[in-house]
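Here is a short walk through a protein model, meant to be read with the structure open beside you. Take a moment to turn it around before reading on.

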Amino acid sequence: SALLCLTGVGVLELYDPASQLLTLSQLGMGDFWALVQAFGFGACWFVTEELVKDDSDQVIPVTAVQLSTMAFFSMLWALYEGHNSTEYGVIRLFTD
């Protein structure tokens, strides 16, 4: 099922309707980060499963650590974007 999923996403990303060909020239940095994010998400589930396999009482603490870590890094990114961009970011939300 993972192969079918990657094939479908690959066709959607690489297909050029003008030439009706699969081309790599359409790929950008956003496509790379989207692929990395998908693998990171899957790795997160795998690590969580391994951590709580023997002790199911640890599900809530492990989830809390994951959520807190993601919130922290998301906050850093939002603050960075807010200071370096006039279009997006946390600062822009409050000054618009």
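The paragraphs below go from the overall fold to a few individual side chains.

Keep in mind as you look that this is a predicted model. The protein has four helices and two strands. Starting at the N terminus, you will meet these elements in the order α-β-β-α-α-α, with both strands coming between helix α1 and helix α2.

How much of the protein is buried? Of its 96 residues, 9% fall into that class. The accessible surface comes to about 8300 Å², and carbon and sulfur atoms account for 70% of that area. The contacts add another piece to the picture: among those between residues at least 6 apart in sequence, 3% join residues at least 24 apart.

Now go to helix α2, which covers residues 29–52. Threonine 48 has its place here. Is this residue buried or exposed? Threonine 48 counts as buried because its relative accessibility is 12%, and the cut-off for buried is under 20%. Leaving aside residues up to four places away in sequence, threonine 48 touches Val62 and Gln66. Both of these partners fall within the residue range 59–84 of helix α3, so you can follow the contact from one helix to the other by way of this threonine.

Next, look for aromatic rings. A pair of aromatic rings is described by the distance of the centres and the angle of the planes. A search of the whole structure finds two aromatic pairs. One of them joins phenylalanine 41 and tryptophan 45, in an edge-to-face arrangement with 6.1 Å centre to centre and 70° between the planes. These two residues both belong to helix α2, where they sit four residues apart, about one turn of the helix. Tryptophan 45 counts as exposed because its relative accessible area is 55%, and the cut-off for exposed is over 50%.

The other pair is formed by phenylalanine 72 and phenylalanine 73. It is edge-to-face too, with 5.4 Å centre to centre and 70° between the planes. Phenylalanine 72 is partly exposed, at a relative accessible area of 42%.

Both phenylalanines return in a surface feature. Which residues make the nonpolar surface patch of about 450 Å²? They are Phe72, Phe73, Met75, Leu76 and Leu79. Methionine 75, one of these patch residues, lies in helix α3 and is partly exposed, with 41% relative accessibility.

Definitions and conventions:
Residues are numbered from 1 along each chain as its sequence is written. This is a predicted model: local features need pLDDT of at least 70, side-chain atom pairs count only at pLDDT 80 or more; totals for chains, interfaces and linings use all residues. Side-chain values use heavy atoms; hydrogens and water are left out. Buried means under 20% relative accessible area, exposed over 50%, partly exposed in between (1.4 Å probe, protein chains only). Contact means heavy atoms within 4.5 Å. Accessible areas come from the Shrake-Rupley method with a 1.4 Å probe; for residues, only the protein chains shown count as cover. Rings of Phe, Tyr and Trp (its six-membered ring) pair if their centres lie within 6.5 Å; planes under 30 degrees apart count as stacked, over 60 as edge-to-face and the rest as tilted. Patches are made of residues with over 30% relative accessible area and no salt bridge: like charges are joined within 9 Å, nonpolar side chains (Val, Leu, Ile, Met, Phe, Trp, Tyr) within 5 Å. A salt bridge is a side-chain nitrogen of Lys or Arg within 4 Å of a carboxyl oxygen of Asp or Glu.
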